[in-house]
Amino acid sequence: MGKGGKQEVKKPSSAMPAAEPSKLFTVWKINGKLYDLSTFAATHPGGERALENAASHPHGEFFIESYHPDPELVYSILPKYEIKSSNPAVENPVNDTFETKINYTFKEDGFYRKVKKAGMLAIRGKTKAGKKKTSKVNLRGDDVYVMVDIIHLLVLFLTSFLLIMGSWKAALVTGLLRGACIMRVAHSASHASLSPYPELNGIMYYVAMMFSGTTPEIWNRKHVVRHHVNTNEDGLDEDRMDDVKSVFKSAPWHEFHKNQHIYCWPFYMHIVFPWTVSDVLSNSHRKDAGPLPFSTKQSLLNVLTQVAHISLTYVLPVYFNGFYGLFLVWLNTVLTSVTFGFEFIVNHEIDGCDIYEEALGKDTDWGLYQAISSADFHAKGLGSWFFNQWTGGLNLQICHHLFPGVHYRHYPTLTKIIYEHMEKVGQKPTSSTTVADAVYNHHQFLKNCSEKYGKLHLKAE
């Protein structure tokens, strides 16, 4: 896919080409060309971790377009890093297993480029009276937000200690704070938008992951890379949870799916526990969590955060409190799952977001696809500010998918611009008035999908 053009979809390959270990995490494939960014990694404004996330992905241009406010600037400095060696081990450490199935475009006069330019202009224009507009505006969290997040983590440490000591009230508070930590701190840090300082962003990310239930490198691969590049794509976006439910035509169908609108709710109420178990298995047995196998350092970080989380959340409460500790663990799990899960599940699985099958094989503006396949709630009114702060911008999911590297404090401004541009191209944003409406709409979506795909399955038989 050329700059501003469309990509050629290739048949996925199951084998990972051999490559020099030192090159694996610094080689990017961008618009069909390969670049060795090893000499640039140390000075990358987003830090080395951000570069490693997308290394060896078949479409590095997606990350340039979505995470950089000025992609043209990035494209202008790339030529000096282009690989022209004839050594195939260095030239092609790319895993085509993660090839997208949609012909995404980034045309200059397309929806996404227009929205991005208008959005950046609006944010950069928010300067004090009398001062000239500047490109130096901080797109990430400012010092106040960072300090609030640090206090959040410190209080979470305190309530976790009180929970271990046997306080059921602390279990309630810890559950609420854990859910908010996943959304506000861990999620923002994973997208490198929490702080303008990469080192601080990384430290807070790893600490937040100790409470979250997942692990840093697995989350990077599954969410930051696969979910945000391959949103709702069959076999690539694991946030779809196809093993649990069937909400897409291409998803596997099992007889129990006809009751998914019933059994999914108790599952959602405990979702952080199977989430943790899944990540333990991923780190131990699976090598397909991302474009690359984990490095020794990444595997070690995964293990350390898993051990810390399991000890703090499950082992120590039971060790010090016996069977009563199981009740504390359950209470903490339910509050965390409801706080985080009920606001996470409604982001892409509501009527109006199921555009995947329609987009297959077609030229599709990347930004427009992201906007249609995502859903907001509490986007307007009195609750908008509160939920933007509480969920770390998850309530403005459309904006988050178009501007994942921008801090959620800018989302209200950007959302207005996105809605205006969607209306210009005849697309109405999918948005629920309240979180309760969003949950109800998701319930109806599950029910409708079970009926629709159940009938298709019977016809196929």
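M241 sits in the loop between α10 and α11, the latter covering residues 260–268. I'd like to start there, because this residue has a positive phi, near 55°, and isn't a glycine. For context, most residues other than glycine have a negative phi. So is M241 buried or exposed? It is buried, with a relative accessible area of 17%. Keep in mind, please, that everything I show today comes from a predicted model.

M241 has a companion. A192 also takes a positive phi, near 60°, and it too is a residue other than glycine. You'll find A192 in the loop between α8 and α9, where α9 runs over 198–212. And A192 counts as buried as well, at a relative accessible area of 13%.

Now, M241 takes us into the cavities. How many cavities of 30 Å³ or more does the structure hold? There are six. The largest has a volume of about 110 Å³, and M241 is among the residues that line it, together with H227, N232, D237, D239, R240, K245, F344, I345, N347, H348 and E349. Sorted by class, that lining has three nonpolar, four polar and five charged residues.

The second largest cavity comes in at about 70 Å³. Its lining consists of I182, H187, W219, H223, H227, D239, F340, F344, N347, H348, L394 and Q397. If you flip between the two linings on your screens, you'll see that H227, for one, appears in the largest cavity and again in the second largest. Which helices supply at least two residues each to this second lining? Those are α8 (168–190), α10 (216–229) and α14 (323–344). The largest share belongs to α10, with three residues. By class, the second largest cavity is lined by five nonpolar residues, six polar ones and one charged one.

Staying with the histidines for a moment, let me point you to H400, in helix α18, residues 397–402. H400 counts as buried, at 3% relative accessibility. What does H400 touch, leaving out residues up to four places away in sequence? The answer is H187, H191, H223, H228 and Y411. Two of those names, H187 and H223, also came up in the lining of the second largest cavity. There is also a nice long-range pair here: H400 and S66 lie 334 residues apart in sequence, and their C-alpha atoms are 10.0 Å apart in space.

That pair fits a wider picture. Looking at contacts in the chain with a separation of 6 or more, 75% are between residues 24 or more positions apart. The chain has 461 residues, of which 57% count as buried, and its elements are 20 helices and six strands.

On to the open side of things, the pockets. The largest pocket has a volume of about 1,100 Å³. It is lined by 41 residues, and the ones closest to its centre are P45, Y67, H68, P69 and R140. Several elements contribute at least two residues each to that lining: β1 (27–30), α2 (48–54), α3 (61–67), α4 (71–77) and α6 (111–124). Which of the elements gives the most? That is α2, with five residues. As for chemistry, the lining of the largest pocket divides into 25 nonpolar, ten polar and six charged residues.

Since β1 is part of that lining, a quick word on the strand itself. β1 pairs with β2, residues 33–36, in the antiparallel sense, over four bridges. Within the pairing, I30 stands opposite K33 of β2. The two strands form a hairpin with two residues between them, and N31 there takes a positive phi near 50°.

Let me finish with confidence, as I know some of you will want to take these coordinates further. The average pLDDT of the chain is 84, and 85% of the residues score at least 70. Among the elements, helix α7 (residues 143–164) has the highest mean pLDDT, 97, while helix α1 (residues 21–24) has the lowest, 47. Where does pLDDT stay under 50? One such stretch is residues 127–132, for which the model has three contacts beyond four places in sequence. Another is residues 285–289, also below 50, with eleven contacts in the model beyond near neighbours in sequence.

Thanks, everyone!

How values were computed:
Residues are numbered from 1 along each chain as its sequence is written. This is a predicted model: local features need pLDDT of at least 70, side-chain atom pairs count only at pLDDT 80 or more; totals for chains, interfaces and linings use all residues. Side-chain values use heavy atoms; hydrogens and water are left out. pLDDT is the predictor's confidence in each residue, from 0 to 100. Contact means heavy atoms within 4.5 Å. On a 1 Å grid over the protein atoms alone, a cavity is a set of points where a 1.4 Å probe fits but cannot get out, and a pocket is an open set with protein on both sides within 12 Å along at least five of seven lines; lining residues have an atom within 4 Å of a point. Grid points are joined across faces, edges and corners, and a volume is the space filled by probe spheres set on the points. Ala, Val, Leu, Ile, Met, Phe, Trp, Tyr, Cys and Pro count as nonpolar, Asp, Glu, Lys and Arg as charged, and the others, Gly among them, as polar. Two strands pair if DSSP finds at least two bridges between them. Buried means under 20% relative accessible area, exposed over 50%, partly exposed in between (1.4 Å probe, protein chains only).
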